[in-house]
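Q: Please choose one part of this protein and look at it closely, residue by residue. Then work outward from that part, so that its surroundings can be followed on the display.

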Amino acid sequence: ILPELKNARELFEKLPEEKRLQEVVDNWITEIVLGLCSLAYLFDPECFILGGGVMHRTDKIGHGEFGF
């Protein structure tokens, strides 16, 4: 959508002015959740530990179908 964006930080900074990016973020989160569900089914772990800067952006994630 915006090829000038180089990382997730820039993407999240643009979210307020580029509303179509929220759909991209929601779709990405859906893909991550579905992947984690597949891993949980395959390996039956006790838990997943998720980290990184994106996980600290609870103001921008957690509004989709799966929400955190």
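A: The side chains of arginine 20 and glutamate 18 meet in a salt bridge, with 3.2 Å from N to O; the term stands for a side-chain nitrogen of Lys or Arg within 4 Å of a carboxyl oxygen of Asp or Glu. This is a predicted model, in which local features need pLDDT of at least 70 and side-chain atom pairs count only at pLDDT 80 or more, while totals for chains, interfaces and linings use all residues. Residues are numbered from 1 along each chain as its sequence is written, and side-chain values use heavy atoms, with hydrogens and water left out.

Both partners of this pair are partly exposed, arginine 20 at a relative accessible area of 45% and glutamate 18 at 23%, on a scale where buried means under 20%, exposed over 50% and partly exposed in between (1.4 Å probe, protein chains only). The structure holds two salt bridges, and the other joins the side chains of lysine 14 and glutamate 17 at 3.3 Å, again N to O. There, lysine 14 is partly exposed at 27% relative accessibility, whereas glutamate 17 counts as exposed because its relative accessible area is 55%.

From these charged pairs the view can widen to the helices. The protein has two helices and zero strands, where helices (H or I, at least four residues) and strands (E, at least two) are DSSP runs numbered from the N terminus. The helices α1 (8-14) and α2 (20-43) are the elements that give two or more residues to the largest nonpolar core, and α2 gives the most, with four residues. That core has ten residues in all, namely Leu2, Leu5, Leu11, Phe12, Leu15, Leu21, Val25, Ile29, Val33 and Val54; a core here is a set of buried Ala, Val, Leu, Ile, Met, Phe, Trp, Tyr and Cys residues joined through side-chain atoms within 4.5 Å. In soluble globular proteins, nonpolar side chains tend to be buried together.

Within α2, two consecutive valines make a useful contrast. Valine 25 lies in this helix and counts as buried because its relative accessibility is 4%; its C-alpha atom is separated by 9.5 Å from that of alanine 8, which is 17 residues apart from it along the chain. Valine 24 also lies in α2, but valine 24 is partly exposed, with a relative accessible area of 34%. The C-alpha atoms of valine 24 and isoleucine 1 are 8.8 Å apart, although 23 residues separate the two along the chain.

Further along α2, the side chains on the surface deserve attention. Tyrosine 41 lies in α2 and counts as exposed, at 73% relative accessibility. Tyr41 joins Leu39, Leu42, Phe43, Phe48 and Leu50 in a nonpolar surface patch of about 700 Å². Such patches are made of residues with over 30% relative accessible area and no salt bridge, with like charges joined within 9 Å and nonpolar side chains (Val, Leu, Ile, Met, Phe, Trp, Tyr) within 5 Å. In the segment after α2 comes aspartate 44, whose phi is near 50 degrees, a positive value in a residue other than glycine; aspartate 44 is exposed, with a relative accessible area of 65%.

The cysteines can be read in the same way. Cysteine 37 is partly exposed at 44% relative accessibility, while cysteine 47 is exposed, with a relative accessible area of 54%. The count of disulfides comes to zero, under a rule that asks for a pair of cysteine sulfur atoms within 2.5 Å.

For the protein as a whole, buried residues make up 19% of the 68 residues. The accessible surface comes to about 5400 Å², of which 56% belongs to carbon and sulfur atoms; these areas come from the Shrake-Rupley method with a 1.4 Å probe, and for residues only the protein chains shown count as cover. Among contacts (heavy atoms within 4.5 Å) between residues at least 6 apart in sequence, 40% join residues at least 24 apart.
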